[in-house]
Amino acid sequence: DETTKSEWKEFSYRGMAERDVSGVPATFNEFLMGLLDTGEFLIDDVVVLQNPDEEALSLLQNGDFEGDALGEPPQAWRVIGNHSGTVVTDPADPKNQVLHVVASGVQAFLHDHAETTFADNTSIIDGFQYEVSFRLKWLSGSSQLQNRLFFNRLANTVILDVPDRNGTPGALNSQWESNA
């Protein structure tokens, strides 16, 4: 169990929402994220801002998971397909609640990821500037988290920090039993 060796890391990026080459409009007003292979991570303080340098409009609802019941899926989020998620206590701060996501496979375009609709179904507007930020903590498996606004707007992949020393080859470890 290597989960205690990783640490929280903050991520933030900005960009302009633009249609991809297919020209498909932003039909759904959502933020999506998922691992690019099997794994687990914790996420907290998810924020999406529209026009961050002007009168910034905060688009996400329940990005801090504080009002959710422990052990239950987060309100206003859909964690679907081969991704599942429950709200847990932050191992580094027992007063804080975070989302624990487990992926049994790669995230997909229309399924197999976590997603949330913007508050008041606020539209994604092509040509507007957006800022996305969140805190992540790797637990196991894949260290690549793909995240985006609907239909590949502001598509981004972050690499979670993985501890340098994983496992204990040839030595006793936290999973050792005298007679497995």
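Asparagine 62 sits in the loop between β4, residues 57-58, and β5, residues 77-80. In this predicted model, the phi angle of asparagine 62 comes out near 60 degrees, a positive value in a residue other than glycine. That is worth a second look, because most residues other than glycine have a negative phi. Asparagine 152 has a positive phi too, near 65 degrees. Its place is the loop that links β10 (144-149) with β11 (153-159). With a relative accessible area of 35%, asparagine 152 is partly exposed, so part of this residue is open to the outside and part is covered.

A third asparagine, asparagine 29, is found in the loop that runs between β1 (9-16) and β2 (30-35). Is asparagine 29 buried or exposed? Its relative accessibility is 6%, and because the cut-off for buried is under 20%, asparagine 29 counts as buried. The side chain of asparagine 29 has a polar partner there: one of its polar atoms lies 3.1 Å from the backbone nitrogen of isoleucine 124. Leaving out neighbours within four places in sequence, asparagine 29 is in contact with Thr116, Thr117, Phe118, Asn121, Thr122, Ser123 and Ile124.

Stepping back to the whole chain, the count is eleven strands and zero helices. Written out along the sequence, that gives β-β-β-β-β-β-β-β-β-β-β. The radius of gyration is 17 Å, close to the 16 Å that the globule rule gives for 180 residues, so the chain is as compact as a globular protein of that length. Along the principal axes, the C-alpha atoms fill a box of roughly 60 × 35 × 30 Å.

How is the chain packed? Among its 180 residues, 44% count as buried. Looking at contacts with a separation of 6 or more, 71% come from residues 24 or more positions apart. The chain exposes about 9400 Å², and carbon and sulfur atoms supply 49% of that area. As for charge, there are 11 positive and 28 negative charges, and the mean positions of the two sets are 4 Å apart.

Strand β3, residues 39-50, holds glutamine 50. Glutamine 50 counts as buried, because its relative accessibility is 6%. What does its side chain meet in there? One polar atom of the glutamine 50 side chain lies 3.2 Å from the backbone oxygen of serine 123. There is also a polar contact of 2.7 Å between the side chains of glutamine 50 and tyrosine 130. Setting aside residues up to four places away in sequence, glutamine 50 touches Glu55, Ala56, Leu57, Leu59, Thr122, Ser123, Ile125, Phe128, Gln129 and Tyr130. Serine 123 is thus a contact of glutamine 50, and Ser123 is likewise on the list for asparagine 29.

Strand β3 also carries aspartate 45. Here the relative accessible area is 33%, so aspartate 45 is partly exposed. The C-alpha atoms of aspartate 45 and arginine 135 are separated by 6.1 Å, even though these two residues are 90 residues apart along the chain. Arginine 135 is one of the residues that aspartate 45 touches beyond four places in sequence, and the others are Gly63, Asp64, Ser133 and Phe134.

Over in strand β7, residues 93-103, comes valine 101. Its relative accessible area is 1%, which means that valine 101 is buried. Which residues does valine 101 touch, once those up to four places away are left out? They are Gly39, Glu40, Phe41, His83, Ser84 and Gly85. Phenylalanine 65 is 36 residues from valine 101 along the chain, and their C-alpha atoms are separated by 13 Å.

Finally, valine 158 belongs to strand β11. Valine 158 counts as buried, because its relative accessibility is 5%. Beyond four places in sequence, its contacts are Phe11, Phe134, Leu136, Ser143, Gln144, Leu145 and Asn147. Phe134 is therefore touched by valine 158 as well as by aspartate 45, given that contact means heavy atoms within 4.5 Å. Valine 158 and methionine 16 are 142 residues apart in sequence, with 18 Å between their C-alpha atoms.

Definitions and conventions: Residues are numbered from 1 along each chain as its sequence is written. This is a predicted model: local features need pLDDT of at least 70, side-chain atom pairs count only at pLDDT 80 or more; totals for chains, interfaces and linings use all residues. Side-chain values use heavy atoms; hydrogens and water are left out. Helices (H or I, at least four residues) and strands (E, at least two) are DSSP runs, numbered from the N terminus. The radius of gyration is taken over C-alpha atoms; the globule rule is 2.2 Å times the number of residues to the power 0.38. Buried means under 20% relative accessible area, exposed over 50%, partly exposed in between (1.4 Å probe, protein chains only). Accessible areas come from the Shrake-Rupley method with a 1.4 Å probe; for residues, only the protein chains shown count as cover. Lys and Arg count as positive and Asp and Glu as negative; His and the chain ends are not counted. The place of a charge is taken as NZ of Lys, CZ of Arg, CG of Asp or CD of Glu. A polar contact is a pair of N or O atoms within 3.5 Å; within protein, one must be able to donate a hydrogen and the other to accept it, and residues adjacent in sequence count only if both atoms are side-chain atoms.
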